[in-house]
Structures are given as C-alpha cells and as structure tokens.
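Here is a friendly note to read alongside the picture. Keep the model open and look up each residue as you meet it.

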Amino acid sequence: MPQVTHVEWPAGDADRLQSFLEGVFGWQFDSPMEGMDYRMARTAENEGAAVYPAEQRGLMVYYDVDDIEAHVGKVRNSGGEADDKMPVPGMGWFAQCKDPEGNSFGLWQTDSAAPVPEG
C-alpha cells in the first residue's frame, strides 16, 4: 500500500519557513542538490520534507510506490494526469500527477541506480 514518503513546502522566504519547521517539528535541513536551493530534512526512516523558494504555494505530497511506471499508468487509466517519470540521480524516480479534480500529488520510487538525465 503506497504511503506518504516526502512532502515539499514551497516558500517565498525559504529561510523563514525552514526556521519555522525546525522550531515546530525539530527537523534538521541540509542542501544536497548542487546548484539548487532545495533543502531536505529526514522526518522518519523512509520519509522526508523539503523547503525551496517558489512563487506558487501548496504542499506537494509524494507517495512511495514499488513500480512507478505501473502507477503512472494507473493514474492515467483512472482519469488523472501523470507526467513521465524523471530521475533523481542516485536516489530514485518521481512523477508529478493530478487527480481528476485537479489536485496535484507525486509518485516516488527509490532506485539508487537512477541515472543523471541526458541532455
């Protein structure tokens, strides 16, 4: 059964939001993405959160799945929208989706062999 594995928190002021989340939840953030202001915190063994600067607001919740391609197909076949999977090098794959009502969510599959994107 897919479970929440990651939540992204967009922010107009990423420093302020990071400080808020550290104060409220005790999370510790680091920035593992070279050349990108994307701050991650481990919230449980297989769960995490991220803060990043963005104009738009709204949490993005990612669900851990064992076969991302199959779940992308299920989203599409069930009346939703799903982008093709994209790699996060050395970590896994993600796909952003929308349900039939237009709500955004994501799929995640852990895969340490995920390659660097071509191009």
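1. **A word to know before you start.** A residue is called exposed when its relative accessible area is over 50%, buried when that area is under 20%, and partly exposed in between. E69 has a relative accessible area of 53%, so E69 is exposed. Please remember throughout that this is a predicted model.

2. **Where E69 reaches.** The side chain of E69 joins that of K85 in a salt bridge, with N and O 2.9 Å apart. E69 belongs to helix α2 (residues 68-77), while K85 sits in the loop between β6 (81-82) and β7 (86-88), so this pair ties together parts that are 16 residues apart in sequence. Unlike a residue over the 50% mark, K85 has 28% relative accessibility and therefore counts as partly exposed. K85 also lies over the face of W93, at 4.1 Å from the ring centre. K85 is thus a good residue to click on, with a salt bridge to E69 and the ring of W93 beneath its charge.

3. **Another charged pair.** R76 and D84 form a salt bridge, and their closest N and O atoms are 2.9 Å apart. R76 is partly exposed because its relative accessibility is 39%. D84, at 56%, counts as exposed. The count of salt bridges in the model comes to 4.

4. **A charged network.** Salt bridges with shared partners join D15, D37 and R39 into one network. Within it, the side chains of R39 and D37 meet at 2.8 Å, N to O. Is R39 buried or exposed? With 10% relative accessibility, R39 counts as buried. Its partner D37 has a relative accessible area of 36%, so D37 is partly exposed.

5. **Q18 and its neighbours.** Q18 is part of helix α1 (residues 14-25). Its relative accessible area is 16%, so Q18 is buried. The side chain of Q18 makes a polar contact with the side chain of R39, at 3.0 Å. If residues up to four places away in sequence are not counted, Q18 touches F29, R39 and V51. R39 therefore appears twice in this note, once in a salt bridge with D37 and once in a polar contact with Q18, and R39 is buried because its relative accessibility is 10%.

6. **Strand β1 and its partners.** Of the 9 residues of strand β1 (residues 3-11), 7 are buried, so the strand is largely enclosed by the rest of the structure. How does β1 run relative to β4, parallel or antiparallel? The two run parallel, joined by 6 bridges, with β4 covering residues 47-53. Strand β5 (residues 60-64) is joined to β1 by 5 bridges, and these two run antiparallel. To find the pairings on screen, look for H6 opposite G48 in β4 and E8 opposite M60 in β5.

7. **A closer look at H6.** H6 lies in strand β1. It counts as buried because its relative accessibility is 14%. A polar atom of the H6 side chain lies 3.5 Å from the backbone oxygen of G48, and G48 is also the residue opposite H6 in β4. Leaving out residues up to four places away in sequence, H6 touches several others, including Y38, M40, A50 and Y62.

8. **Rings together.** The model has 6 aromatic pairs by count. In one of them, the ring centres of F25 and W27 are 4.7 Å apart and the planes are at 20 degrees; stacking calls for planes under 30 degrees apart, so the pair is stacked. F25 is partly exposed because its relative accessibility is 46%, whereas W27, at 17%, counts as buried. Ring pairs link W9, F25, W27 and F29 into a cluster.

9. **F94 and what lies around it.** F94 is in strand β8 (residues 92-98). With 23% relative accessibility, F94 counts as partly exposed. Its C-alpha atom is separated by 6.8 Å from that of G106, a residue 12 places along the chain. Neighbours within four places in sequence aside, the contacts of F94 include Y62, I68, L107 and W108. Also among them are D84 and K85, the residues that form salt bridges with R76 and E69 respectively.

Technical notes
Residues numbered from 1 in each chain as written. Predicted model: local features only at pLDDT ≥ 70, side-chain atom pairs only at ≥ 80, totals over all residues. Heavy atoms only, no water. Phe/Tyr/Trp six-rings, centres within 6.5 Å; stacked < 30°, edge-to-face > 60°. Buried < 20%, exposed > 50% of the residue type's maximum accessible area, 1.4 Å probe, protein only. Lys NZ or Arg CZ within 6 Å of the ring centre and 35° of its normal. Helix = DSSP H or I, 4+ residues; strand = E, 2+ residues; numbered from the N terminus. Pairing = 2+ DSSP bridges. Polar contact = N/O pair within 3.5 Å; in protein donor to acceptor, adjacent residues only side chain to side chain. Contact = heavy atoms within 4.5 Å.
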